Amino acid sequence: MVQITKDMTIGEILGVDYSLANVLMSGGMYCVGCPSSQGESLEEAAMVHGIDPDLLLEKLNVYLQEKG
C-alpha cells in the first residue's frame with residue numbers, strides 16, 4: 001500500500017487515488033483543482049491555507065488504510 005508523505009505534490013497524491021480529493025477538501029484544502037496546487041507539496045499547500053499538514057497527512061493515510 002502506498003503511504004502519502006508531506007513532500008508529495010497534490011498531483012502525486014491525486015494520482016495515487018483521485019478520491020483523496022474528497023479527504024483534502026474535507027480538511028479545508030479546496031484548491032485541488034487549481035493548476036498551481038498540482039506542483040505544490042502537501043506541506044506547502046497546507047501551510048498556504050493555514051491547515052496543519054500533519055493532521056491532513058494522517059487523514060489521508062487513514063483513508064487509504066481503511067479503503068485498502
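**Exercise 1.** How many helices and how many strands are there in the protein chain?

*Solution.* The model under study is predicted. Step one is to count the elements: the protein chain holds four helices and zero strands. Step two is to read them in order from the N terminus, which gives α-α-α-α. Step three is to test the overall dimensions: the radius of gyration is 10 Å, close to the 11 Å that the globule rule gives for 68 residues, so the protein chain is as compact as a globular protein of that length. The C-alpha trace spans about 30 × 20 × 20 Å along its principal axes.

**Exercise 2.** Determine what share of the residues is buried and describe the accessible surface of the protein chain.

*Solution.* Taking buried to mean under 20% relative accessible area, one finds that buried residues form 41% of the 68 residues. The protein chain exposes about 3,900 Å², and carbon and sulfur atoms supply 55% of that area.

**Exercise 3.** Identify the residues with the most contacts inside the largest nonpolar core, and the elements that contribute to this core.

*Solution.* The largest nonpolar core comprises 20 residues, and those with the most contacts inside it are Ile4, Ile10, Leu24, Met29, Leu42 and Leu60. Two or more residues of this core come from each of helix 1 (10–16), helix 2 (20–26), helix 3 (42–48) and helix 4 (53–67).

**Exercise 4.** Examine the contacts of Leu42, leaving out residues up to four places away in sequence.

*Solution.* Leu42 touches Ile4, Thr5, Lys6, Met8, Ile10, Ile13, Leu24, Met29, Leu56, Leu57 and Leu60. For the protein chain as a whole, among contacts between residues at least 6 apart in sequence, 63% join residues at least 24 apart.

How values were computed. Residues are numbered from 1 along each chain as its sequence is written. This is a predicted model: local features need pLDDT of at least 70, side-chain atom pairs count only at pLDDT 80 or more; totals for chains, interfaces and linings use all residues. Side-chain values use heavy atoms; hydrogens and water are left out. A nonpolar core is a set of buried Ala, Val, Leu, Ile, Met, Phe, Trp, Tyr and Cys residues joined through side-chain atoms within 4.5 Å. Buried means under 20% relative accessible area, exposed over 50%, partly exposed in between (1.4 Å probe, protein chains only). Contact means heavy atoms within 4.5 Å. The radius of gyration is taken over C-alpha atoms; the globule rule is 2.2 Å times the number of residues to the power 0.38. Accessible areas come from the Shrake-Rupley method with a 1.4 Å probe; for residues, only the protein chains shown count as cover.
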